[in-house]
Amino acid sequence: MATAMFRSSIRSALRGGASRVTPASKRTFSSHSSVEEEAREASKWEKITYVGIVSCSILAAICLSKGHPHSDEPPAYSYLHIRNKEFPWGPDGLFEVKHH
């Protein structure tokens, strides 16, 4: 199948048929609009995109600039920092540097 397609494309290229574009082979968009209408539509959506980027950036800056509450000390839950026995390396820590 691939070899048949390859041979056909070679024959077409040798005859000069590959460079010709017929009106039927030209791709048209679903709206069948003119080039100017499509350019205006693309320009419109480009502007909408830029407005959306700017508005989202402003909204994010406003939201992030507001403070949020911090508590000074975490709640004293009973399950936090439970030490039932000493660490094998001692209470100071594993990598504690001792100054003499």
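**Exercise 1. Determine how many disulfides the whole structure holds, and describe the exposure of Cys56 and Cys63**.

Solution. The search of the whole structure, which is a predicted model, finds zero disulfides. A disulfide would require a pair of cysteine sulfur atoms within 2.5 Å. Next, consider two cysteines in turn. Cys56 has a relative accessible area of 52%, and a residue over 50% is classed as exposed; Cys56 is therefore exposed. Cys63 has a relative accessibility of 48% and counts as partly exposed.

**Exercise 2. Describe the secondary structure and the burial of the chain**.

Solution. Begin with the secondary structure: the chain has two helices and zero strands. Then turn to burial: 1% of the 100 residues count as buried. Finally, consider the surface. About 10200 Å² of the chain is exposed, and 62% of this area is supplied by carbon and sulfur atoms.

**Exercise 3. Identify the salt bridge and locate its partners**.

Solution. The structure contains one salt bridge. Its partners are the side chains of Glu41 and Lys44, with an N to O distance of 3.2 Å. Both residues lie in helix H2; because they are three residues apart there, about one helical turn separates them. As to exposure, Glu41 is partly exposed at 38% relative accessibility, and Lys44 is likewise partly exposed at 38%.

**Exercise 4. State which residues form the nonpolar surface patch, and place Ile82**.

Solution. The patch consists of Tyr77, Tyr79, Leu80 and Ile82, which together have about 440 Å² of accessible area. Ile82 lies in the segment after helix H2 (35–65). With a relative accessible area of 47%, Ile82 is partly exposed.

Notes: Residues are numbered from 1 along each chain as its sequence is written. This is a predicted model: local features need pLDDT of at least 70, side-chain atom pairs count only at pLDDT 80 or more; totals for chains, interfaces and linings use all residues. Side-chain values use heavy atoms; hydrogens and water are left out. Patches are made of residues with over 30% relative accessible area and no salt bridge: like charges are joined within 9 Å, nonpolar side chains (Val, Leu, Ile, Met, Phe, Trp, Tyr) within 5 Å. Accessible areas come from the Shrake-Rupley method with a 1.4 Å probe; for residues, only the protein chains shown count as cover. A salt bridge is a side-chain nitrogen of Lys or Arg within 4 Å of a carboxyl oxygen of Asp or Glu. Helices (H or I, at least four residues) and strands (E, at least two) are DSSP runs, numbered from the N terminus. Buried means under 20% relative accessible area, exposed over 50%, partly exposed in between (1.4 Å probe, protein chains only).
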